[in-house]
Amino acid sequence: MGVRMAERDELHAAVVEGDWKAAVAATRNALAAGMAPIVLVNRSLVPAMDEVGRLFDCEEYFVPEMLLSARAMKASMDILRPLLAATGAEPAGRVVIGTVKGDLHDIGKNLVAAMLEGGGFEVIDLGADVAPERFVEAVAARNANLVALSALLTVTMPSMKTTIDALSAAGLRQKVKVMVGGAPVTQQYANAIGADGYGESAGAAVALARKLVAA
Amino acid sequence: MHVTCVAALRDYYGLPAHPVKVHEPGQMLGLVEDDLRRAMGIDVIGVFPRKTKFGFPNTGWKEWNFRGLNVLVPADFRTATRPDGDILIYPQGDETAEPSGRMPVGSAFFDAIIRQPEIDEEKLDPADNLEEFGALSEEDLDHIERSARAACVSGWAVAAGFGGTGLGDVALVPGTSLKKPKGIRDVAEWYISTRTRRGYIHAVFERQCEIGIQNLARIHARIGDAVDCVYLCGTDFGTQNSAFCSVPTFRELWLPFYQRLTGWVHANTTWKCFKHSCGSVERFFESFIEAGFDIINPVQCSAAGMEPAALKSKYGRRLVFWGGGVDTQKTLPFGTPQEVREEVLRRCEIFAPGGGFVFNAIHNLQAGTPVENIVAMLDAVQEFNGGAHG
């Protein structure tokens with residue numbers, strides 16, 4: 001157990017410190033020592049990304065540090081993901097995420113995606129400038145229970161509503177919760193377009209996602 | 001101001017109908033001509049660089065249909081429309097090069113296409129991130145001199161942006177003017193580099209400062225004090241609720257270089273130094289002042305910690321607020337004219353007393369902003385000033 005604890009701490013520390021090479025090494029070492037992939041996710045990656053979110057919220061971390069931690073977490077997940085799939089481990093939820101149609105800004109969306117993945121969710125990232133029908137297709141094909149929409153521009157915010165409408169038209173709206181975020185987006189706007197939640201920051205998005213899938 | 005807003009205002013004020021010039025194609029900014037400037041009651045005129053963000057000169061105007069609106073674009077504004085309707089734009093107007101900007105359907109701006117060559121840490125050379133920051137040509141200087149002299153005799157205050165001194169501005173990092181950008185061109189990678197490759201960033205800023213000051217000196221030799229203020233840097237340090245870096249990082253990475261730039265300006269000219277930074281940046285204001293900036297824009301009061309009265313009371317004697325006039329994320333595009341009026345009057349009451357305030361919306365007026373709201377904004381400023389425009 002002592003060995004396992006040390007290895008778990010190594011991965012946790014590598015992610016919090018944003019060192020992707022150390023994260024890869026720690027993941028490989030832990031797997032070689034017999035740790036189950038799902039245990040690494042739940043005991044190392046999830047707490048590590050929670051800690052990164054906390055450091056961001058209390059302004060010890062900023063965008064560069066978040067990007068580095070996200071990179072380290074993803075490097076670890078690239079190793080763990082196929083192993084998790086093979087074991088049939090159930091994620092905390094399945095989220096389809098993307099920046100809405102017309103909007104190419106993806107740094108904020110990428111951070112939220114990383115935080116969600118680090119939070120134990122299976123993330124289906126459709127990228128930027130995503131048409132409503134692509135969200136609909138992905139929700140149906142991947143049996144998602146959460147949709148996360150991002151927009152940075154006032155001119156593309158209406159695409160959030162168009163996407164929600166498309167989910168309704170496809171008969172999927174009751175099946176998924178929809179959360180929205182991005183610089184010009186507010187709780188008021190989220191309410192107005194019929195979203196289920198608004199995330200003010202990447203850390204808040206994870207807490208919101210957990211709440212929505214538990215509801 | 002977005003070209004669609006300029007066109008709508010020309011129409012609203014009954015000015016002669018003609019296609020509006022898009023003088024900055026990235027954000028699709030429309031040129032405000034003197035007749036519209038008078039109608040709107042604007043007191044400032046701009047001096048812009050010879051070339052656009054996509055590396056072609058603002059000359060040889062031709063018509064272009066921008067989704068139903070006839071506008072004028074420079075001769076080398078060359079685009080291709082993809083089958084899905086997205087519009088691609090080419091650097092330096094060279095259609096044989098990889099496009100460097102893209103306007104998706106549903107957008108109204110050209111965003112940079114990230115063209116990031118594979119990064120080999122051993123071979124990273126700061127010179128690669130400096131290709132676009134060379135010495136101004138005689139043609140560039142002629143253009144600036146002509147524009148500045150014309151602006152100077154207009155009677156309006158002159159705000160100039162000469163380019164070249166934006167340190168790490170992520171709008172410029174992708175190198176949209178270049179046919180084959182080298183170095184660090186991916187925006188996320190650049191942010192990461194501010195943490196992991198500080199020596200590289202220092203070297204880029206160091207050289208950019210040297211070139212920038214040489215250019216400023218050559219410009220000043222041509223135009224003297226014909227301009228009132230100079231837009232030195234548009235690097236955003238704030239996000240909606242936080243910042244892109246800590247204050248200590250700002251002070252290590254940017255402050256010394258800003259001091260060099262503003263130090264030269266203050267020692268050699270009468271120009272005031274203008275700093276743009278969106279977002280929650282109150283935490284940087286003391287450092288901005290120490291960096292030698294006189295003017296802060298756009299004063300995003302909707303961001304965390306940017307409460308107008310507190311800003312005015314704490315910094316009003318040491319910084320000019322060029323902005324903060326009305327919110328462009330919510331009130332102006334989505335509010336009612338009455339809400340716009342009330343917000344504008346409130347902001348003027350806070351920022352104007354004692355001077356040090358240039359009314360400006362918080363950032364560019366975005367596409368899709370109702371013209372009635374823009375007019376309500378302008379009328380409210382007029383109402384506050386207690387008289388007619390101008």
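# A guided tour of chains A and B

Let's start with chain B: among its contacts between residues at least 6 apart in sequence, 70% join residues at least 24 apart. Keep in mind as you go that this is a predicted model.

**Stop 1: chain B as a whole.** Select chain B and show it as a cartoon. Its secondary structure comes to 12 helices and 15 strands. Turn the chain along its principal axes, and its C-alpha atoms fill a box of roughly 60 × 50 × 40 Å. How does the radius of gyration of chain B stand against that of a compact globule? A compact globule with 390 residues would have a value near 21 Å, and chain B has 20 Å, so the two agree. Of the 390 residues in this chain, 47% are buried.

**Stop 2: the two domains of chain B.** Now colour residues 1-41 and 51-113 of chain B, which form domain 1, and give another colour to 42-50 and 116-385, which form domain 2. The C-alpha centres of these two domains of chain B lie 21 Å apart. Where they meet, domain 1 of chain B brings 28 residues to the contact and domain 2 of chain B brings 21 residues. On the domain 1 side, look for α1 (3-12) and α2 (34-40) of chain B, each of which supplies at least two residues. Helix α1(B) gives the most to that side, with 5 residues. By class, the domain 1 side holds 14 nonpolar, 10 polar and 4 charged residues.

**Stop 3: the parallel sheet of chain B.** Next, select strands β3, β10, β11, β12, β13, β14 and β15 of chain B. These make an open sheet of 7 strands with parallel pairing, and their order is β3-β10-β11-β12-β13-β14-β15. Which strands stand at the edges? They are β3 (44-47) and β15 (357-358) of chain B; each has a single partner strand, so one side of each is left without a neighbour in the sheet.

Walk inward from β3(B). This strand pairs in the parallel sense with strand β10 (residues 157-160) of chain B over 4 bridges. Click on B:G46, and you will find its bridge partner, B:A159, in β10(B). Stay on B:A159, because it also leads you onward: B:A159 stands opposite B:C229 in β11(B). The pairing of β10(B) and β11(B) is parallel, over 2 bridges.

Pause on strand β11 (residues 229-233) of chain B. Is it mostly covered or open? It is mostly covered, as 5 of its 5 residues are buried. On its way to strand β12 (residues 272-276) of chain B, β11(B) pairs in the parallel sense over 4 bridges. To see one place where these two strands meet, select B:C233, which stands opposite B:K275 in β12(B).

**Stop 4: the domains of chain A.** Move over to chain A and colour domain 1 (2-87) and domain 2 (94-214). Between their centres, taken over C-alpha atoms, there are 24 Å. Here 15 residues of domain 1 of chain A are in contact with 11 residues of domain 2 of chain A. The elements giving two or more residues to the domain 1 side are α3 (37-57) and α4 of chain A. Of that side, α3(A) gives the most, with 10 residues. Sorted by class, the domain 1 side of chain A has 10 nonpolar, 2 polar and 3 charged residues.

**Stop 5: a tryptophan in chain A.** Select A:W20, which sits in helix α2 (residues 20-32) of chain A. Is A:W20 buried or exposed? It counts as buried, because it has 20 C-beta neighbours inside 10 Å. Show the residues around it: leaving out those up to four places away in sequence, A:W20 touches A:R71, A:A72 and A:A75. A:A75 is 55 residues away along the chain, yet the C-alpha atoms of A:W20 and A:A75 are separated by 6.1 Å.

**Stop 6: where the chains meet.** Show both chains together. The contact takes 22 residues from chain A and 26 residues from chain B. On the chain A side, helix α4 (residues 63-87) of chain A provides the largest share, 5 residues. That side has 11 nonpolar, 5 polar and 6 charged residues.

**Stop 7: the nonpolar core.** Finish with the largest nonpolar core, which has 180 residues. Which of them touch the most other members? They are A:V147, A:A205, B:V230 and B:M377. Helix α4(A) gives the most to this core, with 9 residues. For a last close-up, centre on A:V147: beyond its neighbours within four places in sequence, it is in contact with A:V96, A:F135, A:V139, A:L167, A:V176 and A:V178.

Notes: Residues are numbered from 1 along each chain as its sequence is written. Chains are lettered from A and ligands numbered from 1 in the order in which they are written. This is a predicted model: local features need pLDDT of at least 70, side-chain atom pairs count only at pLDDT 80 or more; totals for chains, interfaces and linings use all residues. Domain bounds come from an automatic or database domain assignment. Two residues are in contact if their C-beta atoms, placed from the backbone, lie within 7 Å. Ala, Val, Leu, Ile, Met, Phe, Trp, Tyr, Cys and Pro count as nonpolar, Asp, Glu, Lys and Arg as charged, and the others, Gly among them, as polar. A nonpolar core is a set of buried Ala, Val, Leu, Ile, Met, Phe, Trp, Tyr and Cys residues joined through C-beta atoms within 7 Å. A residue is buried if 20 or more other C-beta atoms lie within 10 Å of its own, exposed if 12 or fewer, and partly exposed in between; C-beta atoms are placed from the backbone. Two strands pair if DSSP finds at least two bridges between them. The radius of gyration is taken over C-alpha atoms; the globule rule is 2.2 Å times the number of residues to the power 0.38.
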